[in-house]
Amino acid sequence: MNALPKQEPVRKQGGDPAFFSVYDIHAYYGESYIVQGLSFDVREGEILALLGRNGAGKTSTLRTLARMGDPELKHGEIWLDHQPLHEMKAWQAARLGLQLVPEDRRIIPGMTVQQNLELAQIAEPHGWSIQRIYELFPRLGERAEQEAITLSGGEQQMLAIGRALARDIKLLLLDEPYEGLAPVIVQEIEKTLQNVKKLGITTIIVEQNAIAALKLADRAIIMDSGEIVFDGTAQAVLDNEELRDQYLAI
Ligand SMILES: Nc1ncnc2c1ncn2[C@@H]1O[C@H](COP(=O)(O)OP(=O)(O)OP(=O)(O)O)[C@@H](O)[C@H]1O
C-alpha cells in the first residue's frame, strides 16, 4: 500500500465513528482504477444492499472492504467497530469479525459438511456452535457426513453462510448469494437470510437479483462506474422506477 499520511478516524458529528464506516476508498487492480472514492456508513444490525449494473464495481468493493489485497486499497479508511481495517490484512479483518462469503462459495473439496464447519473454527475467535448452525440450516445437519462439494448450489450457499457464522462475526459480506440458484432455492435462502436479519447481524449484500436484495435490505447503495450514485432506503429504490431503470435495469 502506498504510504499515506495518517488520518483521523471518520467521526459522525458529535459522536463516535459509526459501527462500520467507509471513507473515500480508492482501489486498483494494477493500473486499473476501479473503486473510485466511496464513502458510506452502516449501522449495527442494518442490512445494506450494494447494487449496480454488471461491472459497476460491487465485488471489487466487497473485496476491498475484506482487505483481500486485490484490488489494492491505495487511499481511504475502513473502520469496523472502532478498528482501522484499512491498516490490516484479510486475516486480521476476519479475526475482528468481518466475514466475506464470496460468489464461488469456496467449499473445501474432499471434506464433509461437518469438516468444512470445523475448519472454520480451527482458530479463535469462534462464533456459533456447529449445533446452532444446524438448527438454522437443518438441511446441513441432515447432510453433515456428505462430501460438501456434492451439495446442491443452495445447500452450498447455506454452508458458506454457516461457515461465516462459525466465526465470531460482526459484519457479514455476501457476494451474490442467489447466483445460479433456481427460484425455489432463492426463496429458501431468502428465508434463511430473513432469519439472519432477525438475529441482528450487520450485513452488506451484493446481488444481481436487485428486487430480492431490496426486499431483505433496510438501505441501498447504487454504484455506477466505481462511484456511489444513490444512498437511501431500500423502499425508496423500489418506489423509484426511473432510478431502477437507469442503474439497475429492473
Ligand atoms: N482481477 C481483476 N483485474 C482487473 N480488472 C478487474 C479484475 N476483477 C474485476 N475487474 C474489473 O473491475 C470492474 C468491476 O468489476 P466487479 O466484478 O467489481 O463488478 P461488479 O459490479 O461486481 O460486476 P458483476 O455484477 O458483473 O459481478 C470491471 O470492469 C472488471 O472487469
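The following paragraphs go through a predicted model, from its confidence scores to its sheet, its ligand shell and its backbone geometry.

The model scores ipTM 0.95 and pTM 0.90. Across the protein chain the pLDDT averages 90, and 93% of the residues reach at least 70. Residues 1-16 have a pLDDT below 50, and in the model this stretch makes 16 contacts beyond near neighbours in sequence. Where pLDDT is low, the predicted coordinates should not be read in detail.

A starting point for the fold is an open sheet of six strands. Its order is β6-β7-β8-β3-β9-β10, and the pairing is mixed. The edges are formed by β6 (98-101) and β10 (227-233); each has a single partner strand, so one side of each is left without a neighbour in the sheet. On average, and with direction ignored, neighbouring strands of this sheet are turned by 15 degrees against each other.

Both kinds of pairing can be followed strand by strand. On one flank of β8, strand β7 (residues 171-175) runs parallel to β8 and is joined to it by five bridges. Within that pair, L173 has I204 of β8 as its bridge partner. On the other flank, as the strand order shows, β3 (residues 47-51) is also parallel to β8, with four bridges between the two. Here A49 is bridged to I205 in β8. Further along, the pair of β9 (residues 219-224) and β10 is antiparallel and has six bridges. One of the residues involved is M223, whose bridge partner in β10 is I228.

How well covered is strand β8 (residues 202-206)? Five of its five residues are buried. The cover extends to both faces: T202, I204 and V206 are buried on one side, and T203 and I205 on the other. In the bridge pairs given above, I204 is the partner of L173 and I205 the partner of A49, and these two β8 residues belong to opposite faces of the strand.

The connection from β7 to β8 passes through a helix. Together, β7, helix α7 (residues 183-198) and β8 make a right-handed β-α-β unit. P177 lies in the loop between β7 and α7. Is P177 buried or exposed? It counts as buried because 26 C-beta neighbours lie inside 10 Å, where the cut-off for burial is 20 or more. Apart from neighbours within four places in sequence, P177 is in contact with V101, Q157, I189, I205 and E207. Among these contacts, V101 falls in edge strand β6 (98-101), I189 in α7 (residues 183-198) and I205 in β8 (residues 202-206).

The ligand provides a second point of reference. The residues around the ligand are Y29, S32, I34, G52, N54, G55, A56, G57, K58, T59, S60 and Q208. Both β2 (32-42) and α1 supply at least two residues of this shell. The largest share, three residues, comes from α1. One shell residue, Y29, can be compared with P177: the two are 148 residues apart in sequence and 24 Å apart in space, C-alpha to C-alpha.

Helix α1 is largely enclosed by the rest of the structure, because seven of its eight residues are buried. The buried residues are K58, S60, T61, L62, R63, T64 and L65. Of these, K58 and S60 are also listed around the ligand.

Several backbone features remain, beginning just after this helix. α1 is followed by R67, which has a positive phi near 65 degrees. R67 sits in the loop between α1 and β4, and it counts as buried because it has 20 C-beta neighbours inside 10 Å. The loop between α1 (58-65) and β4 (72-80) also holds P71. The peptide bond from D70 to P71 is cis, with omega near 10 degrees.

Another cis peptide bond runs from E124 to P125, with omega near -5 degrees. P125 is placed in the loop between α3 (113-120) and α4 (130-136).

D24 is a further residue other than glycine with a positive phi, near 50 degrees. D24 belongs to strand β1 (residues 20-29). With 13 other C-beta atoms within 10 Å, D24 is partly exposed, whereas R67 is buried.

Definitions and conventions: Residues are numbered from 1 along each chain as its sequence is written. This is a predicted model: local features need pLDDT of at least 70, side-chain atom pairs count only at pLDDT 80 or more; totals for chains, interfaces and linings use all residues. Two strands pair if DSSP finds at least two bridges between them. Axes are lines fitted to C-alpha atoms, for helices over the stretch in contact, and angles run from 0 to 180 degrees between N-to-C directions. A residue is buried if 20 or more other C-beta atoms lie within 10 Å of its own, exposed if 12 or fewer, and partly exposed in between; C-beta atoms are placed from the backbone. A crossover is right-handed if, with the strands pointing away from the viewer, the path from the first strand over the helix to the second runs clockwise. pLDDT is the predictor's confidence in each residue, from 0 to 100. Two residues are in contact if their C-beta atoms, placed from the backbone, lie within 7 Å. A residue is near a molecule or strand if its C-beta atom, placed from the backbone, lies within 6 Å of it.
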